[in-house]
Amino acid sequence: MAANLRNNAFLSSLMFLILIGSSYAITSSEMSAICVKTLNPSFCLNFLNPKFASPNLQALAKTTLDATQSRAKQTFKRLQSIIDGGVDPRSKLAYRSCLDEYESAIGNLEEAYEHLASGDGMGMNMKVSAALDGADTCLDDVKRLRSVDASVVNNSKAIKNICGIALVIANMLPRRA
């Protein structure tokens with residue numbers, strides 16, 4: 001009898017959580033509404049649609065941060081490799097500047113995770129903006145070079161686009177008082 005009551009209480013709690021979770025699920029039309037607010041809506045739609053069935057806003061924010069962090073770490077490693085591989089002094093200076101920007105971006109993204117976890121959308125927004133600025137500054141630094149590493153440019157552009165998505169989502173998250 002007591003075991004039956006526990007099972008019923010467990011099942012009732014589980015159903016309640018499922019109902020609550022599904023009521024906050026993001027629809028494809030909401031994803032489209034997010035993407036319209038970004039600088040590159042087609043990138044956003046391509047990025048979100050194949051990966052997400054119907055996550056909640058918090059999960060969507062975390063996934064964009066995961067993707068940004070992954071690209072930032074890849075780019076950081078690539079920049080280290082380029083610098084260690086020996087390049088001309090002018091290129092080395094530009095790539096070193098990018099490396100510094102990406103080191104800061106990775107730190108900013110770590111802090112963005114903390115803000116997201118604590119429910120601070122505004123704090124997440126500020127840290128994602130800083131990471132976006134780092135990728136943008138890196139693009140400015142390398143565009144003056146005669147020969148530019150394509151993966152650094154492509155990853156930096158992707159990071160800017162994914163950060164743009166994360167910024168829109170951060171603005172949709174509840175604000176802490």
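1. Asparagine 125 and its contacts. Leaving aside neighbours within four places in sequence, asparagine 125 is in contact with Leu167, Ala170 and Asn171. The model is predicted, and this contact list should be read as part of that model. Asparagine 125 itself is found in helix H6, residues 121-142. With 14% relative accessibility it counts as buried, because the cut-off for buried is under 20%. One of its partners, Leu167, also appears in the lining of the largest pocket, which is taken up in point 5.

2. Overall make-up. The chain has 7 helices and 0 strands. Read from the N terminus, the elements run α-α-α-α-α-α-α. Of the 177 residues of the chain, 40% count as buried. The accessible surface of the chain comes to about 10,100 Å², and 57% of that surface belongs to carbon and sulfur atoms. Among contacts between residues at least 6 apart in sequence, 73% join residues at least 24 apart.

3. Alanine 112. This residue lies in helix H5, which covers residues 89-117. Is alanine 112 buried or exposed? Alanine 112 is buried, and its relative accessible area is 0%. Not counting residues up to four places away in sequence, alanine 112 touches Leu65, Met124, Lys127 and Val128. Leu65 falls within helix H4, residues 57-85, while Met124, Lys127 and Val128 fall within helix H6, residues 121-142. A further distance can be given for serine 129: alanine 112 and serine 129 are 17 residues apart in sequence, and their C-alpha atoms are 9.7 Å apart in space.

4. The aromatic pair. The structure holds 1 aromatic pair. It is made by phenylalanine 43 and phenylalanine 47, whose ring centres are 6.1 Å apart and whose planes stand at 10°, so the pair is stacked. The cut-off behind that label is an angle under 30 degrees between the planes. Phenylalanine 43 and phenylalanine 47 are both in helix H3, residues 41-48, and because they are 4 residues apart there, about one helical turn separates them. Their accessibility is as follows: phenylalanine 43 is partly exposed at 22% relative accessibility, whereas phenylalanine 47 is buried, with a relative accessible area of 7%. The boundary for buried is 20%, so phenylalanine 43 falls outside that class.

5. The largest pocket. Its volume is about 160 Å³. The lining includes Lys37, Thr38, Leu39 and Asn40, along with Phe43 and Cys44. Leu132, Lys160, Asn161, Gly164, Ile165 and Leu167 are also in the lining. Phe43 thus links this point to the last one, as a lining residue and as a member of the stacked pair. Which helix supplies the largest share of the lining? That share, 5 residues, comes from H7. H3 and helix H7 (150-172) each supply at least two lining residues. By type, the lining divides into 6 nonpolar, 4 polar and 2 charged residues.

6. Serine 70. Serine 70 is found in helix H4, residues 57-85. It is partly exposed, with a relative accessible area of 38%. How many residues apart in sequence are serine 70 and isoleucine 159? They are 89 residues apart in sequence, and the C-alpha to C-alpha distance is 9.4 Å. Isoleucine 159 falls within helix H7 (150-172), the helix that gives 5 residues to the lining described in point 5.

How values were computed. Residues are numbered from 1 along each chain as its sequence is written. This is a predicted model: local features need pLDDT of at least 70, side-chain atom pairs count only at pLDDT 80 or more; totals for chains, interfaces and linings use all residues. Side-chain values use heavy atoms; hydrogens and water are left out. Buried means under 20% relative accessible area, exposed over 50%, partly exposed in between (1.4 Å probe, protein chains only). Rings of Phe, Tyr and Trp (its six-membered ring) pair if their centres lie within 6.5 Å; planes under 30 degrees apart count as stacked, over 60 as edge-to-face and the rest as tilted. On a 1 Å grid over the protein atoms alone, a cavity is a set of points where a 1.4 Å probe fits but cannot get out, and a pocket is an open set with protein on both sides within 12 Å along at least five of seven lines; lining residues have an atom within 4 Å of a point. Grid points are joined across faces, edges and corners, and a volume is the space filled by probe spheres set on the points. Ala, Val, Leu, Ile, Met, Phe, Trp, Tyr, Cys and Pro count as nonpolar, Asp, Glu, Lys and Arg as charged, and the others, Gly among them, as polar. Contact means heavy atoms within 4.5 Å. Accessible areas come from the Shrake-Rupley method with a 1.4 Å probe; for residues, only the protein chains shown count as cover.
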